[in-house]
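User: I would like to go through this structure with you and ask, for each label, what grounds it rests on.

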Amino acid sequence: MNKLIPLFLLFFYFVDFGQEHHQFIARQGQISFFSYTSVENIEAKNNQVLSILDIEKQELAISMLMRAFVFKKDLMYEHFNESYIESDMYPKANFIGKIIDFDKKNQKKQIKIIRGKITIHGITKEIDLKTTIESIDNNYILSGNFDILVNDFQIKIPPILSSNIAKTISIKFRFQYQPYEE
């Protein structure tokens, strides 16, 4: 069984205190998801996502609390956390990945694949994320979107509600990184 790596261990893995400005942090990254069905659309946003980016190693770590998602309806929030994601048992989602063929000297916008492992609902899957990477004034912005299948993460949806929840969930992300300062 895969265990979640606590974020502080990820932090020490990524931060090499002997190098200057190779490590970047986004303390308020944004992740949103959208589920379209003919019955009702479900959308939620989480603006409290923590991420660490190591440009030298071309590695990325993301951690977010599932209860930090904000929904338009309180009942959606309740169902999401109690019935589907089971936030008491699986409070966080994590991603650890490596940027493929990133050119840190290129100051233009780059579209790259970040290959890694995503953990949601206690299940870890390998995934490739098509990501736009921008370098602006020694800061980085990473953004993109991807889809996940609900069944891949063993999220159970009662048959009576299956028409209310899409089988594929669209996820968008945006992280604005600043140099990590000790």
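User: How do the residues of the lining of the largest pocket divide into nonpolar, polar and charged?

Analyst: In this predicted model, the lining of the largest pocket comprises 29 nonpolar, six polar and two charged residues. The space in that pocket comes to about 680 Å³, and of the 37 residues that line it, Phe33, Phe71, Phe80, Ile85 and Ile169 are the closest to its centre. Each of these five counts as nonpolar, because Phe and Ile are both among the residue types assigned to that class.

User: Which elements give two or more residues to the lining of the largest pocket, and which gives the largest share?

Analyst: The elements in question are β1 (23–35), β3, α2 (74–84), β5, β6, β8 and β9, and the largest share, five residues, comes from α2.

User: What does Phe33 touch, once residues up to four places away in sequence are not counted?

Analyst: Phe33 touches Ile42, Glu43, Ala44, Phe69, Phe71, Phe80, Ile169, Ser170 and Ile171. Phe33 is also named, with Ile31, Leu53, Phe69, Tyr140 and Tyr177, among the residues that touch the most other members of the largest nonpolar core, which has 43 residues. The largest share of this core, five residues, is supplied by β9.

User: Why is Thr37 called buried?

Analyst: The relative accessible area of Thr37 is 9%, and since buried means under 20%, Thr37 meets that criterion. Thr37 sits in the loop between β1 and β2 (42–54) and, leaving aside neighbours within four places in sequence, is in contact with Ser163, Asn164, Ile165 and Ala166. In addition, a polar atom of the Thr37 side chain lies 2.8 Å from the backbone oxygen of Glu40.

User: Why is Asp137 called exposed, whereas Gln154 is called partly exposed?

Analyst: Asp137 has a relative accessibility of 68%, and because exposed means over 50%, the label applies. The relative accessible area of Gln154 is 47%, which falls between the 20% and 50% limits, so Gln154 is partly exposed. Asp137 lies in the loop between β7 and β8 (139–149), and Gln154 in the loop between β8 and β9. A positive phi of about 50° is found at Asp137, which is not a glycine, and Gln154, likewise not a glycine, has a positive phi of about 50°.

User: What makes the pairing of Gln107 and Ser135 a polar contact?

Analyst: The side chains of Gln107 and Ser135 are joined at 3.0 Å, and because a polar contact requires a pair of N or O atoms within 3.5 Å, this distance satisfies the cut-off. Gln107 belongs to the loop between β5 (92–99) and β6 (110–120), and its C-alpha atom is separated by 7.3 Å from that of Glu134, 27 residues apart along the chain.

User: How many cavities of 30 Å³ or more are found, and what lines the largest cavity?

Analyst: A search of the whole structure finds one such cavity, and the volume of the largest cavity is about 30 Å³. Its lining consists of Leu60, Ile62, Ile114, Leu129, Thr131, Leu142, Phe173, Phe175 and Tyr177. Two or more of the lining residues come from each of β3 (59–65), β7 (123–136) and β9 (168–179), with β9 giving the largest share, three residues. The lining divides into eight nonpolar residues, one polar and no charged; Thr131 counts as polar because Thr is in neither the nonpolar nor the charged class.

Conventions
Residues numbered from 1 in each chain as written. Predicted model: local features only at pLDDT ≥ 70, side-chain atom pairs only at ≥ 80, totals over all residues. Heavy atoms only, no water. 1 Å grid on protein atoms, 1.4 Å probe; cavity = no way out; pocket = protein on both sides within 12 Å on 5 of 7 lines; lining within 4 Å. Points joined across faces, edges and corners; volume = space filled by probe spheres on them. Helix = DSSP H or I, 4+ residues; strand = E, 2+ residues; numbered from the N terminus. Polar contact = N/O pair within 3.5 Å; in protein donor to acceptor, adjacent residues only side chain to side chain. Core = buried A, V, L, I, M, F, W, Y, C linked by side-chain atoms within 4.5 Å. Buried < 20%, exposed > 50% of the residue type's maximum accessible area, 1.4 Å probe, protein only. Contact = heavy atoms within 4.5 Å.
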